[in-house]
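Colleague: I would like to learn how to read a model feature by feature. Could you take me through one?

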Amino acid sequence: MRNLKIYEEAWSLHTPFVIARGTRSEAKVVVVEIEENGLKGTGECTPYPRYGESIASVMAQIASIGAQLESGADRQALQQLLPAGAARNAVDCALWDLDAQKAGQSLPQLAAAQLATRVTTAQTVVIGTPDQMANSARALWDKGARLLKVKLDDHLISERMVAIRAAVPEATLIVDANEAWHSEGLAARCQLLADLNVAMLEQPLPASEDAALENFIHPLPICADESCHTRDSLPKLAGRYEMINIKLDKTGGLTEALALAAEAKAQGYTLMLGCMLCTSRAIRAALPLTPQVRFADLDGPTWLAADAEPALRFATGTLYL
Ligand SMILES: [Mg+2]
């Protein structure tokens, strides 16, 4: 027999996180603990209003399958019990963690054949004035970050990007518009980004407007984030995106994330691995995917004033495993 615990936590950020969707000052997460024979598996998720999720709705979803979990439902059974999303993610990762402990391993060891000892992670430059963003990019570069993820909304695109590129001429830049752009003007913005040697553009258009990317010739890769949740998302991305951003809170856990990675690679997509604002608990569960991805964007815990223990070790731009 197992014991199930579900609870919420709020983690303050040291700096406001500003993206096209709004400003956040704390990370609110849901934690699941599954205890069995003295071993305890822990999983964490970040409910996301963009996908219709709240702390309350996610906790209710998890509670709704409490009886099945306490009577021994495994990861395979879980995939049918809950839809993809944050709730299934927390449970799936708790079950992975429990299985790892039964095997005497860490979760990343159990789920990945080979792991590097360090991973380059993107560090996020949040939305601000062109000067603020350029200064922030430069400060991250000076502290060792080489891959910067620039958040944009629908304003001051060239002013911000030109200022940032001038401040960090050698950085690898990726840009995330979080669905804030429109198809009118997209070609010119893509050309500007390519001229500034930006490596990739993430989710420029609302997911509902993906059709506008069909037959849209663009000079840099475009990556699906809000448009790509699970393997079921892939058919509608074909011919529109070259990359996908895998996040466990979208796939509903590591189990589907590994399956999505394999299927997307087989279909020719390049992979990125992302995260929400979260603690090291959530990042640890995503580590098995790091060997497969072109860009890892795992800086969530670096925004927290304090991280959950045991914390992963981050230096600016690098995550040590
Ligand atoms: Mg994104």
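Modeller: We will go through the features in turn, from strands to single residues. Keep in mind that this is a predicted model.

Colleague: Let us start with strands. In which sense do β1 and β2 pair, and over how many bridges?

Modeller: Strand β1 covers residues 2-19 and strand β2 covers residues 22-36. Their pairing is antiparallel, over 14 bridges. A hairpin of 2 residues joins β1 to β2. To check the register, take Ser 12: its bridge partner in β2 is Glu 26.

Colleague: What is the order of the strands in the open sheet?

Modeller: The order is β5-β6-β7-β8-β9-β10-β11-β12, so 8 strands in all, with parallel pairing. The edges are β5 (123-125) and β12, each of which pairs on one side only. Look inside the sheet at β8 and β9 (residues 222-224): they pair in the parallel sense over 2 bridges. There, Leu 201 stands opposite Ile 222 in β9.

Colleague: Now the metal. Which protein residues are donors of the magnesium ion?

Modeller: First the general idea. Ideal angles at a metal are 109.5 degrees for four tetrahedral donors, and 90 or 180 degrees for six octahedral ones. Here the protein donors are Asp 176 (OD), Glu 202 (OE) and Asp 225 (OD), 2.1 to 2.3 Å from the magnesium ion. Water is not among the atoms, so the site may look incomplete. Along the chain the donor residues follow the spacing D-x25-E-x22-D. Asp 176 is in strand β7 (residues 172-176) and Glu 202 is in strand β8 (residues 198-202), so this pair ties together parts 26 residues apart in sequence.

Colleague: Are Asp 176 and Glu 202 buried or exposed?

Modeller: Both Asp 176 and Glu 202 are buried.

Colleague: On to helices. Which residues of α7 are buried?

Modeller: An α-helix has 3.6 residues a turn, so residues three or four places apart point the same way. In helix α7 (residues 157-167), the buried residues include Ile 157, Arg 160, Met 161, Ile 164, Arg 165 and Ala 167. They span an arc of only 160 degrees around the axis, which puts them on the same side of α7.

Colleague: What covers the buried residues of α7?

Modeller: The cover includes α6 (130-142), β6 (147-151), β7, α8 (186-195) and β8. Two of these elements have come up at the metal: β7 holds Asp 176 and β8 holds Glu 202.

Colleague: How many aromatic pairs does the structure hold?

Modeller: A pair of aromatic rings is described by the distance of the centres and the angle of the planes. This structure holds 2 such pairs. One of them is Phe 17 with Trp 303, an edge-to-face pair at 4.9 Å centre to centre, with 85 degrees between the planes. The pair links distant parts of the chain, 286 residues apart: Phe 17 lies in strand β1, and Trp 303 lies in the loop between β12 (295-296) and β13 (313-315). Phe 17 and Trp 303 are both buried.

Colleague: Rings can also face a charge. Which residue lies over the face of Trp 141?

Modeller: Arg 146 does, at 3.6 Å from the ring centre. Trp 181 has Arg 189 over its face, at 4.9 Å from the ring centre.

Colleague: What about the backbone? Which residues does the cis peptide bond join?

Modeller: Most residues other than glycine have a negative phi, and most peptide bonds are trans. A cis bond joins Glu 309 and Pro 310, with omega about -5 degrees. Pro 310 is in the loop between β12 and β13.

Colleague: And where does Asn 37 lie?

Modeller: Asn 37 is in the loop between β2 and β3 (39-45). Its phi is positive, about 50 degrees, although Asn 37 is not a glycine. Asn 37 is exposed, with a relative accessible area of 71%. Asn 178 also has a positive phi, near 45 degrees. Asn 178 lies in the loop between β7 and α8. At 6% relative accessibility, Asn 178 counts as buried.

Colleague: One last residue. Which residues is Arg 2 in contact with, leaving aside neighbours within four places in sequence?

Modeller: Arg 2 is in strand β1 and is buried, with a relative accessible area of 8%. Its contacts include Ile 34, Glu 35 and Glu 36, as well as Leu 69, Glu 70, Gly 72 and Ala 73. Leu 95 and Leu 98 are also among them. The C-alpha atoms of Arg 2 and Ser 71 are 6.6 Å apart, although 69 residues separate the two along the chain.

Terms used
Residues are numbered from 1 along each chain as its sequence is written. This is a predicted model: local features need pLDDT of at least 70, side-chain atom pairs count only at pLDDT 80 or more; totals for chains, interfaces and linings use all residues. Side-chain values use heavy atoms; hydrogens and water are left out. Two strands pair if DSSP finds at least two bridges between them. Helices (H or I, at least four residues) and strands (E, at least two) are DSSP runs, numbered from the N terminus. Donors are N, O and S atoms within 2.8 Å of the metal (3.2 Å for Na, K and Ca); water is not among the atoms, so sites may look incomplete. Buried means under 20% relative accessible area, exposed over 50%, partly exposed in between (1.4 Å probe, protein chains only). The arc is that of the directions from the helix axis to the C-beta atoms. Contact means heavy atoms within 4.5 Å. Rings of Phe, Tyr and Trp (its six-membered ring) pair if their centres lie within 6.5 Å; planes under 30 degrees apart count as stacked, over 60 as edge-to-face and the rest as tilted. A charge sits over a ring if NZ of Lys or CZ of Arg is within 6 Å of the ring centre and within 35 degrees of the ring normal.
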